[in-house]
Amino acid sequence: MIPVETKQELDKVLQGAKKVVVVDFFATWCGPCVCVAPKIEAMSKSDEFKHEVEFVKIDVDNSSDIAEHYAIHAMPTFIIFKEGEKVEELVGANDGKVKAVVNKVLNAMKEEKRKRKAD
């Protein structure tokens, strides 16, 4: 997981990203954030995702400019990016839902690649 503190750092991760990027907006005082964090960390290291997905953590208290830019009002919030563009947003400490949405985005990317090869 990549800790990010500035909009510039996040932009650098997103620019030209070939992987899906999952951004975890959290707060250290947020109970649900603390509970789901180890599950998201494990997901980031899993064989299923470690080569295809980049996970980023942003502490909303230390990076309020980024939180404001993405209109984060509840934690945890997960924003999923594909090729640098926001494609999904999830609010709440539901690692199963995060995993399902990431798989959906990955499958869509694989299908797009397959179609391009077929053309």
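This report walks through the fold, the surface and a few selected residues of one chain.

## Overall fold

The model is predicted. The chain holds four helices and five strands. Read from start to end, these elements run β-α-β-α-β-α-β-β-α. The radius of gyration is 14 Å, close to the 14 Å that the globule rule gives for 119 residues, so the chain is as compact as a globular protein of that length. The C-alpha trace spans about 50 × 30 × 20 Å along its principal axes.

Contacts reach far along the sequence. Take the contacts between residues at least 6 apart: 71% of them join residues at least 24 apart.

## Surface and charge

Of the 119 residues, 38% count as buried. The accessible surface comes to about 6,900 Å². Carbon and sulfur atoms account for 51% of that surface.

The chain carries 19 positive and 21 negative charges. The mean positions of these two sets are 7 Å apart.

## The aromatic cluster

The chain has three aromatic pairs. One of them joins Phe25 and Tyr70. Their ring centres are 6.0 Å apart, and the planes meet at 50 degrees, which makes the pair tilted. Phe25 sits in strand β2 (residues 20–26), while Tyr70 sits in the loop between α3 (64–69) and β4 (77–82), so the pair ties together parts that are 45 residues apart in sequence.

Are these two rings buried or exposed? Phe25 has 1% relative accessibility, so it counts as buried. Tyr70 has 13% and also counts as buried. The cut-off for buried is under 20% relative accessible area. Ring pairs also bring in Phe81: Phe25, Tyr70 and Phe81 are linked into a cluster.

## Asp24, next along strand β2

Asp24 is another residue of strand β2. This acidic side chain belongs to a residue with 3% relative accessibility, so Asp24 counts as buried. What does Asp24 touch, beyond residues up to four places away in sequence? Its contacts are Ile40, Val56, Lys57, Ile58, Pro76, Thr77 and Phe78.

## The loop between α3 and β4

Pro76, one of the contacts of Asp24, lies in the loop between α3 and β4. The peptide bond that joins Met75 to Pro76 is cis, with omega at about -10 degrees.

Ala71 has its place in the loop between α3 and β4 as well. Its phi is positive, at about 55 degrees, although Ala71 is not a glycine. Glu83 shows a positive phi of about 55 degrees too, and it is not a glycine either. Glu83 belongs to the loop between β4 and β5 (85–91). Both residues fall in the partly exposed class: Ala71 has a relative accessible area of 43%, and Glu83 has 47%.

## Two more buried residues

Ser63 lies in the loop between β3 (53–59) and α3. At 1% relative accessibility, Ser63 counts as buried. Leaving out residues up to four places away, Ser63 touches Val4, Glu5 and Ile58. Ile58 is also among the contacts of Asp24.

Leu90 is part of strand β5. With 11% relative accessibility, Leu90 counts as buried. Which residues is Leu90 in contact with, leaving aside its neighbours within four places in sequence? They are Pro76, Thr77, Phe78, Ile80, Lys97, Val98 and Val101. Pro76, Thr77 and Phe78 are contacts of Asp24 as well. Leu90 and Met75 are 15 residues apart in sequence, and their C-alpha atoms are 9.8 Å apart.

## Accessibility at a glance

The table gathers the residues discussed above.

| Residue | Relative accessible area | Class |
|---|---|---|
| Phe25 | 1% | buried |
| Ser63 | 1% | buried |
| Asp24 | 3% | buried |
| Leu90 | 11% | buried |
| Tyr70 | 13% | buried |
| Ala71 | 43% | partly exposed |
| Glu83 | 47% | partly exposed |

Terms used: Residues numbered from 1 in each chain as written. Predicted model: local features only at pLDDT ≥ 70, side-chain atom pairs only at ≥ 80, totals over all residues. Heavy atoms only, no water. Helix = DSSP H or I, 4+ residues; strand = E, 2+ residues; numbered from the N terminus. Rg over C-alpha atoms; globule rule 2.2 N^0.38 Å. Buried < 20%, exposed > 50% of the residue type's maximum accessible area, 1.4 Å probe, protein only. Contact = heavy atoms within 4.5 Å. Areas by Shrake-Rupley, 256 points an atom, 1.4 Å probe, with all protein chains shown as cover. Lys, Arg positive; Asp, Glu negative; His and termini not counted. Charge placed at Lys NZ, Arg CZ, Asp CG, Glu CD. Phe/Tyr/Trp six-rings, centres within 6.5 Å; stacked < 30°, edge-to-face > 60°.
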